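Let's walk through this structure together, starting from a single residue and working outward to the helices and the core. Keep the 3D view open as you read.

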Amino acid sequence: MRIHIATDHAGLDFSTHLISHLGAAGHEVIDHGPTGYDALDDYPAFCINAALAVAHDQSQGLDALGVVFGGSGNGEQIAANKVAGIRAALAWNLSTARLAREHNDANVISIGARQHTIEEATSFIDAFIAEPFSGDERHARRIAQLAEYESTGDIAGKNVDQY
C-alpha cells in the first residue's frame, strides 16, 4: 500500500521513525514534509499535499492512505479534510483508529505527536492501515451523504439548511 505522510515540526522525529517502520512493513511511503526542523513552519500545505496525493491515488484505483500528525493532530486533520474526497479522522486510541476505517472508511488518520508515545502512535497507525471498511449499508449511506454534501452543498431529502 502507498502511504502518504505529512507533519509539522512537532512530529518531525516521529516522521523519521514512521518512514522506517512503514517501509519495513512493505509499504511505499511518500513524505510530503517537512524535511527539516523549523519551529515556525506551517503544517497546512504539507497536510493538504498528502491528502491531495491520497485522493489522486485512490481516484486512479491505487491502494493508498494518509497519515498526518502534529502537536495535537487537530489542525492537521482540519487541513486534510479540506481536500475533496478525504475523510480524515483524529485517533487517540486503538478503538478510534479502527472505527475510523471500519465505520467511516477514513482514508487519512491524524495523530497528536505530543499526545502519545511513538509506540502508541505507531500502534494506532498500524491498526488504521490493517482495518478494512465494513461496507455496512448504514455506514456506506452516511459516507455517501457526506460526499453528496461536499459536491452539492445539500443532502437530498435530509433538510440541510441553506444560508
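Throughout this tour, a contact means heavy atoms within 4.5 Å. One thing to keep in mind is that this is a predicted model.

A good place to begin is phenylalanine 69, which lies in strand E3. With a relative accessibility of 0%, phenylalanine 69 counts as buried, because the cut-off for that class is under 20%. Setting aside residues up to four places away in sequence, phenylalanine 69 touches Ile5, Ala6, Thr7, Asp8, Gly11, Phe14, Ser15, Leu18, Glu76 and Ile111. Glycine 112 is worth finding too: 43 residues separate it from phenylalanine 69 along the chain, while their C-alpha atoms are separated by 5.7 Å.

From here we can step back to the nonpolar interior. The largest nonpolar core has 20 residues, and those touching the most other members are Leu18, Val67, Ile109, Ile111, Ile125 and Phe128. At least two residues of this core come from each of strand E1 (2-6), helix H1 (12-24), strand E3 (64-70), H4, strand E5 (108-112) and H5. Which element gives the most to this core? That is H5, with five residues. Take isoleucine 125 as an example: not counting residues up to four places away in sequence, isoleucine 125 touches Phe14, Leu18, Leu22, Val67, Ile109 and Ile111. There is also a second, separate core of 14 residues, with Ala51, Val54, Ala55 and Ala79 among them.

Now for the helices. Two packed helices are described by the angle between their axes and the distance between the axes. H1 and H5 pack at an angle of about 45°, and their axes are 11 Å apart. That angle makes H1 oblique to H5. The crossing of H1 past H5 is right-handed. On the H1 side the contact is made by Phe14, His17, Leu18, His21 and Leu22, and on the H5 side by Ile118, Ala121, Thr122, Ile125, Asp126 and Ile129. Sorted by class, this contact has seven nonpolar, three polar and one charged residues.

H5 has another partner in H4. The axes of helix H4 (residues 94-102) and helix H5 (residues 118-130) come within 8 Å and cross at roughly 25°. Angles under 35 degrees count as roughly parallel, so H4 and H5 are roughly parallel to each other. H4 also passes H5 in a right-handed crossing. Here H4 contributes Leu94, Ala97, Arg98, Ala100 and Arg101 to the contact, while H5 contributes Ser123, Phe124, Ala127 and Phe128. These residues divide into six nonpolar, one polar and two charged.

Two further residues round out the picture. Histidine 27 is found in the loop between H1 and strand E2 (28-31). Is histidine 27 buried or exposed? Its relative accessibility is 19%, so histidine 27 counts as buried. Apart from neighbours within four places in sequence, histidine 27 is in contact with Met1, Ile3, Leu22 and Ile129.

Isoleucine 48, in contrast, sits in helix H2 (residues 43-59). At 28% relative accessibility, isoleucine 48 counts as partly exposed. Leaving aside neighbours within four places in sequence, isoleucine 48 is in contact with Ala79 and Val83. Ala79 is also included in the second core. Finally, isoleucine 48 and glycine 153 are 105 residues apart in sequence, and C-alpha to C-alpha they are 21 Å apart in space.

Note on methods. Residues numbered from 1 in each chain as written. Predicted model: local features only at pLDDT ≥ 70, side-chain atom pairs only at ≥ 80, totals over all residues. Heavy atoms only, no water. Axes fitted to C-alpha atoms, helices over the stretch in contact; angles between N-to-C directions. Helix = DSSP H or I, 4+ residues; strand = E, 2+ residues; numbered from the N terminus. Parallel < 35°, antiparallel > 145°, perpendicular 65-115°, else oblique. Left-handed = near helix turned anticlockwise from the far one by under 90°. Nonpolar A, V, L, I, M, F, W, Y, C, P; charged D, E, K, R; others polar. Core = buried A, V, L, I, M, F, W, Y, C linked by side-chain atoms within 4.5 Å. Buried < 20%, exposed > 50% of the residue type's maximum accessible area, 1.4 Å probe, protein only.
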